[in-house]
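Good morning, and thank you for coming. I would like to take a few minutes to present one protein, beginning with its overall form and then turning to a few selected residues.

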Amino acid sequence: MTLSDHLGRIPAERVSSESRDVLHVGDVPLGPGHTPYSLAGDWFGATSVVLTLTMVVIATRRARRP
């Protein structure tokens, strides 16, 4: 198991094949700037759920037509 920073460097590494349950804790510095998710928030996930449910309802109604 490895921990990697925002540039892909590996500051900590531990063998995980010795046990099924492994917990690796370490400090990893945050990268500069923001991610798209931190800027936009949960709107993408919520919009995806609403659009999926809408498409299911439309498809169900069309399937019931004679």
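What follows is a brief account of the whole chain, and after that of four of its residues.

Let me state at the outset that this is a predicted model. Please keep that in mind for each value I quote.

I begin with the secondary structure. The protein contains 2 helices and 2 strands. Read from the N terminus, their order is β-β-α-α.

How does the radius of gyration stand against that of a compact globule of 66 residues? The globule would come out near 11 Å, whereas the protein has 22 Å. Along the principal axes, the box filled by the C-alpha atoms is roughly 60 × 35 × 15 Å.

The burial figure may be set beside those dimensions. Of the 66 residues, 5% are buried. The accessible surface amounts to about 6,300 Å², and carbon and sulfur atoms account for 60% of that surface. As to contacts between residues at least 6 apart in sequence, 16% of them join residues at least 24 apart.

A word on charge. The protein carries 7 positive and 6 negative charges, and the mean positions of the two sets lie 26 Å apart.

I now turn to individual residues, starting with aspartate 5. This residue sits in the loop that connects β1, residues 2-3, with β2, residues 12-13. Is aspartate 5 buried or exposed? Its relative accessible area is 12%, which is under the 20% limit, and therefore aspartate 5 counts as buried.

What does the side chain of aspartate 5 meet in polar terms? One partner is the side chain of arginine 9, with which the aspartate 5 side chain makes a polar contact at 2.8 Å. In addition, a polar atom of the aspartate 5 side chain lies 3.0 Å from the backbone nitrogen of leucine 7. Once neighbours within four places in sequence are set aside, aspartate 5 is in contact with Pro11 and Val28.

That brings us to valine 28, which belongs to the loop between β2 and α1. With a relative accessibility of 31%, valine 28 is classed as partly exposed, because this value falls between 20% and 50%. Neighbours within four places again left aside, valine 28 touches Leu3, Ser4 and Asp5. Its C-alpha atom is 9.4 Å from that of isoleucine 10, a residue 18 places away along the chain.

Two further residues of that loop deserve mention. Aspartate 27 is located between β2 and α1, and its relative accessible area of 77% is over 50%, so aspartate 27 is exposed. From C-alpha to C-alpha, aspartate 27 and proline 11 are separated by 8.6 Å in space and by 16 residues in sequence.

Leucine 30 also lies between β2 and α1, the latter spanning residues 36-40. Leucine 30 has a relative accessible area of 80% and is exposed. The C-alpha atoms of leucine 30 and proline 11 are 13 Å apart, with their positions 19 residues apart in sequence.

To close, I return to the link between the two loops. Aspartate 5, in the loop between β1 and β2, is in contact with Val28, and valine 28 lies in the loop between β2 and α1. Thank you for your attention.

Key
Residues are numbered from 1 along each chain as its sequence is written. This is a predicted model: local features need pLDDT of at least 70, side-chain atom pairs count only at pLDDT 80 or more; totals for chains, interfaces and linings use all residues. Side-chain values use heavy atoms; hydrogens and water are left out. Helices (H or I, at least four residues) and strands (E, at least two) are DSSP runs, numbered from the N terminus. Buried means under 20% relative accessible area, exposed over 50%, partly exposed in between (1.4 Å probe, protein chains only). A polar contact is a pair of N or O atoms within 3.5 Å; within protein, one must be able to donate a hydrogen and the other to accept it, and residues adjacent in sequence count only if both atoms are side-chain atoms. Contact means heavy atoms within 4.5 Å. The radius of gyration is taken over C-alpha atoms; the globule rule is 2.2 Å times the number of residues to the power 0.38. Accessible areas come from the Shrake-Rupley method with a 1.4 Å probe; for residues, only the protein chains shown count as cover. Lys and Arg count as positive and Asp and Glu as negative; His and the chain ends are not counted. The place of a charge is taken as NZ of Lys, CZ of Arg, CG of Asp or CD of Glu.
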